[in-house]
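I opened this notebook to record what I looked up in one structure, going from the whole chain down to single residues.

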Amino acid sequence: MPSPFDISGRVVAVTGATGVLAGSLARHLAAQGALVALLGRDPAKLDAALAAFPPGQAAAFACDVLDRPSLERARDTLAARFGRLDALVNGAGGNLPGAIVPPDGSFFDLDPAQWQSVLNLNLGGTLLPTLVLGALFEKPRRGSILNFSSMAAGPAITRVLGYSNAKAGVDNLTRWLAVEFARKIGPDVRVNALAPGFFISAQ
């Protein structure tokens, strides 16, 4: 009996694919037989990431998750290459020092501009790819979106104010989109979030 979780041949786009978490997930999806579209800003990092995949199992598309025209170009190239999109993983995100309250600092030392940048990257960087790439789910009336949230989205974890605020927004956006797409497109377009805990990265 075939597995209900078989993703062989499914086309999955992963933003932030040169990062630790999204990159690991992209490699795991490919190991399960998926065809993976790696999306990231840095062409050199994309080439390095692509080298970890078997030939033909992945393709790289340079784009900025905060730049709609570049996302649209990536979407069109991806659609021409694979013919469809089955899933989108919104894995791009990050933090900035000015959006953190250090142990020896105060909330009043927060840099509002960097706080806004963290919100833009994590929340805007989830919204824009969904606006652009999620449109590929509208006609077939099926697809899956997985957003990267965080364990910092719910409880008040000290220090990471901007990141926590942004990921709380991602949680809300995820719930909102799940309802919207189920009502307006159909029950076969699903939106969920994954909330990782603490991990080590170069950042």
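The entries below cover the overall fold, the nonpolar cores and then a handful of loop and helix positions.

**Entry 1: the whole chain**

I began by noting that this is a predicted model, and I kept that in mind for each value that follows. I then looked up the secondary structure and found 5 helices and 6 strands, which, when I read along the sequence, follow the pattern β-α-β-α-β-α-β-α-β-α-β.

For the overall dimensions I compared the radius of gyration with the globule rule: a compact globule of 203 residues would have a value near 17 Å, and the chain has 17 Å, so the two agree. The box filled by the C-alpha atoms, taken along the principal axes, is roughly 55 × 40 × 40 Å.

I also looked up burial and surface, and found that 42% of the 203 residues count as buried, while the chain exposes about 10900 Å², with carbon and sulfur atoms supplying 58% of that area. Among contacts with a separation of 6 or more, 64% are made by residues 24 or more positions apart.

For the charges I noted 18 positive and 15 negative side chains, and the centres of the two sets lie 7 Å apart.

**Entry 2: the nonpolar cores**

Which residues have the most contacts inside the largest nonpolar core? I found that this core has 24 residues, and that Leu39, Phe61 and Leu78 are the ones with the most contacts inside it. At least two residues each come from strand E1 (11-15), strand E2 (35-40), strand E3 (58-62), helix H3 (68-82), helix H4 (112-133), helix H5 (161-184) and strand E6 (189-194). Of these contributors, H3 gives the most, with 4 residues.

I then followed Phe61 outward, leaving aside residues up to four places away in sequence, and listed its partners as Ala37, Leu38, Leu39, Gly40, Leu46, Ala74, Thr77, Leu78, Arg81 and Phe82. A second, separate core has 17 residues, including Ala22, Ala30, Leu46 and Val89. I marked Leu46 in my notes, since this member of the second core is also on the list of residues that Phe61 touches.

**Entry 3: Asp86 and Gly94, on either side of E4**

Is Asp86 buried or exposed? Asp86 sits in the loop between H3 and strand E4 (87-90), and I recorded it as buried because its relative accessible area is 7%, against a cut-off of under 20%. Beyond its neighbours within four places in sequence, Asp86 is in contact with Gly9, Arg10, Val11, Phe137, Arg142, Gly143 and Ser144. For one of these partners, Gly143, I also looked up the separation: the two residues are 57 positions apart along the chain, and their C-alpha atoms are separated by 5.0 Å.

Gly94 lies in the loop between E4 and H4, and with a relative accessible area of 6% it is likewise buried. From Gly94 to Leu121 I count 27 residues in sequence and 7.0 Å in space, C-alpha to C-alpha.

**Entry 4: Asp67**

I looked next at Asp67, in the loop between E3 and H3, which counts as partly exposed because its relative accessibility is 30%. With neighbours within four places in sequence left aside, its contacts are Arg73 and Leu128. Asp67 and Gly124 are 57 residues apart in sequence, and the C-alpha to C-alpha distance is 9.9 Å.

**Entry 5: two arginines with positive phi**

I checked the backbone next, bearing in mind that most residues other than glycine have a negative phi. Arg141, in the loop between H4 and strand E5 (143-148), has a positive phi of about 60°, and its 46% relative accessibility makes it partly exposed. Arg159, in the loop between E5 and H5, has a positive phi of about 80°, and at 43% relative accessibility it too counts as partly exposed.

**Entry 6: Lys184**

Where does Lys184 lie? I found Lys184 in helix H5, and it counts as exposed because its relative accessibility is 52%, with the cut-off for exposed set at over 50%. Lys184 and Glu138 are separated by 46 residues in sequence and by 9.2 Å between their C-alpha atoms.

Note on methods
Residues numbered from 1 in each chain as written. Predicted model: local features only at pLDDT ≥ 70, side-chain atom pairs only at ≥ 80, totals over all residues. Heavy atoms only, no water. Core = buried A, V, L, I, M, F, W, Y, C linked by side-chain atoms within 4.5 Å. Buried < 20%, exposed > 50% of the residue type's maximum accessible area, 1.4 Å probe, protein only. Contact = heavy atoms within 4.5 Å. Rg over C-alpha atoms; globule rule 2.2 N^0.38 Å. Areas by Shrake-Rupley, 256 points an atom, 1.4 Å probe, with all protein chains shown as cover. Lys, Arg positive; Asp, Glu negative; His and termini not counted. Charge placed at Lys NZ, Arg CZ, Asp CG, Glu CD.
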